[in-house]
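Biologist: Could you take one part of this model and examine it closely, strand by strand, before placing it in the chain as a whole? Please state your criteria as you go.

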Amino acid sequence: MYKDRKIVLIIAAAGRGTRLGHSLPKQFIKMDGLGDRSPLQKSILTAGIVKEIDEVIVVTNPEYIDLTYEQIAEEADAHSSSVAKFEVKEASQSLGKDGLQSKGQIFGRGKELKKLYVIEGGSSRQESTSRGIKFALKGNPNDYIFLIHDAARPNASPELYHRVIEAAFEKGAVVPAIRVKDTIRDVKKGALDREILRAVQTPQGFSGEIIISAINNAEEKCFVGTDEGSLVDFMGLPVHTVLGSESNIKITNPEDLSKTVCVGSGYDVHAFVKNRRLILGGVDIPFEKGLLGHSDADVLTHALMDAILGAMGEGDIGLLFPDTDPEYEGVSSIELLKRVSELMNEKFYTLENADITVICQFPKIRPYIDGMKKNLEDILDPKNGINIKGTTTERLGFEGRGEGIAASATVLLSKLSWD
């Protein structure tokens with residue numbers, strides 16, 4: 001509460017963020033610079049620190065409802081043993097005016113516990129935030145202050161929230177803003193006076209009566225604004241500004257993020273044996289002998305998996321899939337690669353490229369390389385492909401004597417980061 005007003009934070013997290021070129025929307029991507037949190041998790045963590053906030057409504061894409069709950073639970077687990085305890089537990093079911101049903105949760109630090117709800121967003125940001133506000137409103141709008149924040153701005157500080165809340169109580173409608181550093185040019189009118197220009201951020205704050213009126217007015221007149229402040233502008237009421245923060249950047253384009261890159265190498269060897277199939281890269285190669293192993297002994301895929309696990313710091317295939325476990329006896333290495341790929345996705349790594357060398361005197365693998373590449377790329381979806389090549393040892397060593405096959409692999413993984 002703030003001076004007898006209930007403070008409700010709407011976190012807008014329903015966007016798809018396709019411009020980043022990632023498989024997940026930007027608000028869910030975990031980043032090293034955020035303590036291996038996603039922007040959504042960081043936004044929720046900050047909300048838990050701001051004692052004035054009573055309730056949080058996360059408005060998300062219906063496709064990512066479950067992931068949103070998972071990330072909230074992860075953040076709760078991460079703080080379960082800290083002195084400033086971050087709690088999440090079940091609350092009662094709630095039904096909003098639009099028929100939006102949400103599983104309630106309670107979270108926060110110390111004694112400042114607050115309710116949190118996750119609801120489905122609409123087809124636009126404006127519709128999504130409108131749903132969030134209408135869901136939260138359960139009384140006189142005069143008793144509320146609504147804060148609206150983009151989940152893609154993970155570095156909004158508690159101090160910024162305090163400034164916005166105080167100004168919203170006094171002024172009724174407020175947005176944080178920073179001075180524009182570059183010259184802004186109207187393509188028809190020329191250069192604009194940057195002394196009177198500001199770059200607007202979130203969280204934005206509004207008294208309940210003003211934002212509800214602005215939303216209803218926009219809906220009636222089919223007006224689509226760029227943010228909630230523009231809805232108040234359209235209604236003809238003043239929108240005040242408070243000082244924003246240079247670090248409160250919105251993640252929009254790939255240039256807004258950096259990449260953490262990790263290199264991994266893998267090497268594996270298997271001996272030839274009779275009465276076994278020879279499988280390389282998931283391709284069954286006609287040959288008089290196969291490779292000896294607990295699984296299908298796909299030496300190429302084993303080297304690749306070890307390289308990926310090494311880049312992530314996750315040990316090796318012997319640790320994940322021990323040859324003492326009956327579950328893996330005769331298992332397809334391609335199936336194991338799928339599990340490694342799932343681990344990559346869980347840790348938000350992307351395979352940039354891989355280079356694999358198969359070392360053997362025979363058989364010749366060139367006719368089968370295209371099939372191998374397809375099998376591996378279908379699973380790993382590398383940004384820059386997988387290269388496979390074969391070489392001999394000029395009849396030197398065990399490979400040259402035809403006793404078996406070796407394979408080496410080098411991979412480059414990347415992970416989006418926020419510095």
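Modeller: Two strands are taken to pair if DSSP finds at least two bridges between them, and the elements themselves are DSSP runs numbered from the N terminus, with helices being H or I runs of at least four residues and strands E runs of at least two. The model is predicted, so local features need a pLDDT of at least 70 and side-chain atom pairs count only at pLDDT 80 or more, while totals for chains, interfaces and linings use all residues. Residues are numbered from 1 along each chain as its sequence is written, and side-chain values use heavy atoms, with hydrogens and water left out.

The part I would choose is an open sheet of 5 strands in the order β16-β13-β19-β17-β18, in which the pairing is mixed. Its edges are formed by β16 (290–291) and β18 (386–391), each of which has a single partner strand, so one side of each is left without a neighbour in the sheet. Starting from the β16 edge, β13 and β16 pair in the antiparallel sense over 2 bridges, and F272 has L291 as its bridge partner in β16. The next pairing, between β13 and β19, is also antiparallel and comprises 14 bridges, with Y267 standing opposite S408 in β19. Further on, strand β17 (residues 350–359) pairs with strand β19 (residues 404–417) in the antiparallel sense over 9 bridges, where N353 has L412 of β19 as its bridge partner.

Helix α7 (residues 299–312) lies across β13 (258–273), β16, β17, β18 and β19, and runs at about 150 degrees to β13; axes here are lines fitted to C-alpha atoms, for helices over the stretch in contact, and angles run from 0 to 180 degrees between N-to-C directions. Contact means heavy atoms within 4.5 Å. By that criterion, and not counting residues up to four places away in sequence, I308 touches L337, V340, M344, L380, V411 and L413.

I308 also brings us to the nonpolar cores, each defined as a set of buried Ala, Val, Leu, Ile, Met, Phe, Trp, Tyr and Cys residues joined through side-chain atoms within 4.5 Å, where buried means under 20% relative accessible area, exposed over 50%, and partly exposed in between (1.4 Å probe, protein chains only). The largest nonpolar core has 47 residues, of which L280 and I308 touch the most other members, and α7 gives the most to this core, with 10 residues. A second, separate core of 40 residues includes I7, L67, L147 and V174.

Elsewhere in the chain, strand β1 (residues 6–13) runs parallel to β2 and is joined to it by 6 bridges, with V56 of β2 as the bridge partner of L9. In strand β2 (residues 55–60), 6 of the 6 residues are buried, so this strand is largely enclosed by the rest of the structure. E55, I57 and V59 point one way from β2, whereas V56, V58 and T60 point the other way, and all are buried.

For the chain as a whole, there are 11 helices and 19 strands, and 52% of the 419 residues count as buried. Among contacts between residues at least 6 apart in sequence, 71% join residues at least 24 apart.
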